[in-house]
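Write a short report on the pockets of this protein and on how its helices pack. Keep it brisk enough for a first-year student.

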Amino acid sequence: MTTGFVGLPWIAEHPIAYPALEVVHIVGIALLLGNLVLLELRVWGVAAELPLAPLARLTVALSLAGFGLVAASGLVMFAANPGELLANRAFLLKLGLVSAAGTNAAIFHARGGLHKPDAVARAQTVLSLGLWIAAIISGRWIAYI
């Protein structure tokens, strides 16, 4: 099933463009998730000798840079075949999971989770990790569903 959207099929057909986008996407995921894990471990009290505020400044900045790479490369890959992707359940699930992860992050920061790493903040870090891992898994399933 396809929608009426017309994409940029040359991206998918180009011998280098699409694989290069996938590499950028994976590097972005590594920056995003790797830095989130470091920050979330610190919220749980691991490496308590590291001050949370400076660590958060570094890891959040790198996570946002990773998300920027993921979003930019993902949008271009989406443009290669939007109709097929919009009909793909794994893709739609991935978008929902990324939206939920973003909402969770916004709530975490809005409630000051970095300034009061309490039980709610720790629960949000577990939810964050679960949502991002589920989004990555869903992203890998896109090619197979």
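The largest pocket has a lining of 31 residues. Nearest its centre lie His 25, Met 77, Lys 94, Gly 139 and Ile 142. The model is predicted, and the space in this pocket comes to about 940 Å³.

Which helices build the lining of the largest pocket? At least two residues each come from α2 (17–43), α3 (52–80), α4 (82–86), α5 and α6. The top contributor is α3, which gives 8 residues. By class, the lining of the largest pocket holds 22 nonpolar, 5 polar and 4 charged residues.

Next comes the second largest pocket, with about 380 Å³ of space. It is lined by 21 residues. Leu 36, Leu 64, Ala 105, His 109 and Trp 132 are the closest to its centre. Here α2, α3, α5 and α6 each supply at least two lining residues. The largest share comes from α5, with 8 residues. The lining of the second largest pocket divides into 13 nonpolar, 7 polar and 1 charged.

The table sets out the two pockets.

| Pocket | Volume | Lining residues | Helix giving the most |
|---|---|---|---|
| Largest | about 940 Å³ | 31 residues | α3, 8 residues |
| Second largest | about 380 Å³ | 21 residues | α5, 8 residues |

Now for the helices themselves. Helix α5 spans residues 89–110, and helix α6 spans residues 119–141. They pack at an angle of about 160 degrees, and their axes are 8 Å apart. Angles over 145 degrees count as roughly antiparallel, so α5 is roughly antiparallel to α6. Their crossing is left-handed.

Which residues make this contact? On α5 they include Ala 90, Leu 93, Leu 97, Ala 101 and Phe 108. On α6 they include Ala 121, Leu 127, Leu 131, Ala 135 and Trp 141. Two residues met earlier return here: Lys 94 of α5 and Gly 139 of α6 belong to this contact, and both are among the residues nearest the centre of the largest pocket. Trp 132 of α6 is in the contact too, and it is one of the residues closest to the centre of the second largest pocket. By class, the contact of α5 with α6 has 15 nonpolar, 6 polar and 1 charged residues.

A second helix pair is α2 and α3. These pack at about 155 degrees, with axes 7 Å apart. That angle makes α2 roughly antiparallel to α3. How does α2 pass α3, in a left-handed or a right-handed crossing? The crossing is left-handed. The contact of α2 with α3 divides into 22 nonpolar, 8 polar and 2 charged residues.

Terms used:
Residues numbered from 1 in each chain as written. Predicted model: local features only at pLDDT ≥ 70, side-chain atom pairs only at ≥ 80, totals over all residues. Heavy atoms only, no water. Axes fitted to C-alpha atoms, helices over the stretch in contact; angles between N-to-C directions. Helix = DSSP H or I, 4+ residues; strand = E, 2+ residues; numbered from the N terminus. Parallel < 35°, antiparallel > 145°, perpendicular 65-115°, else oblique. Left-handed = near helix turned anticlockwise from the far one by under 90°. Contact = heavy atoms within 4.5 Å. Nonpolar A, V, L, I, M, F, W, Y, C, P; charged D, E, K, R; others polar. 1 Å grid on protein atoms, 1.4 Å probe; cavity = no way out; pocket = protein on both sides within 12 Å on 5 of 7 lines; lining within 4 Å. Points joined across faces, edges and corners; volume = space filled by probe spheres on them.
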